[in-house]
Amino acid sequence: MSEPPLPREVSRAFEAFPPLVRRRLLDVRKLIFATAKAHDDVGPLTETLKWGEPSYLTEKSGSGSTIRLGRVKDSETHAAVLFNCKTTLIEAFRERFPDAFEYRQNRALLLPVAGTLAKQPLAVCLSLALTYHLDRRGRR
């Protein structure tokens, strides 16, 4: 099973991104759904907009923290995968993958729009976000 069709409002948000940013973020979207599918505890994702950006929530299971897709302001060279700044996610990503990504404070990891997507480390980061509350409750 591949990722579900884009909801209309989310599709509009993707269309608003510059072409290279959009392409990179659509690749990340595919990886989010594939990563969620690999975890039985995550369940179905809710795909919606938060702050006008495509967002992925584990509403039904409550297993994870929201993942949001966006861009670096005034840059067409990087896409951003954003996380709740009140979590320890970015800190965990930096520990595991200090050189795989560029990080923005405790909120985002930045992905160059050119070149190959670092799928394996990114999938680990997405997995940590999608199971964040399970890990915090000691259920994993």
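Two strands count as paired if DSSP finds at least two bridges between them. Keep that in mind as you explore this predicted model.

**Exercise 1. In which sense do strand 1 and strand 2 pair, and over how many bridges?**

Solution.
- Start by finding the two elements: strand 1 covers residues 46-50, and strand 2 covers residues 53-57.
- Next, look at how they run: the pairing is antiparallel, over 5 bridges.
- For a landmark, find Thr-46, which stands opposite Leu-57 in strand 2.
- Finally, visit the turn: this hairpin has 2 residues between its strands, and Trp-51 takes a positive phi near 55 degrees there.

**Exercise 2. What pattern of helices and strands does the protein follow along the sequence?**

Solution.
- Begin with the totals: the protein has 5 helices and 6 strands.
- Then read along the sequence, and the pattern comes out as α-α-β-β-β-β-α-β-β-α-α.

**Exercise 3. Which radius of gyration would a compact globule with 140 residues have, and what does the protein have?**

Solution.
- The expected value for a compact globule is near 14 Å.
- The protein has 14 Å, so the two agree.
- To picture the extent, note that the C-alpha trace spans about 40 × 35 × 25 Å along its principal axes.

**Exercise 4. What percentage of the 140 residues is buried?**

Solution.
- Apply the cut-off: buried means under 20% relative accessible area.
- By that rule, buried residues make up 46% of the 140.
- Now turn to the outside: the protein exposes about 7,700 Å², with carbon and sulfur atoms supplying 49% of that area.

Technical notes:
Residues numbered from 1 in each chain as written. Predicted model: local features only at pLDDT ≥ 70, side-chain atom pairs only at ≥ 80, totals over all residues. Heavy atoms only, no water. Helix = DSSP H or I, 4+ residues; strand = E, 2+ residues; numbered from the N terminus. Rg over C-alpha atoms; globule rule 2.2 N^0.38 Å. Buried < 20%, exposed > 50% of the residue type's maximum accessible area, 1.4 Å probe, protein only. Areas by Shrake-Rupley, 256 points an atom, 1.4 Å probe, with all protein chains shown as cover.
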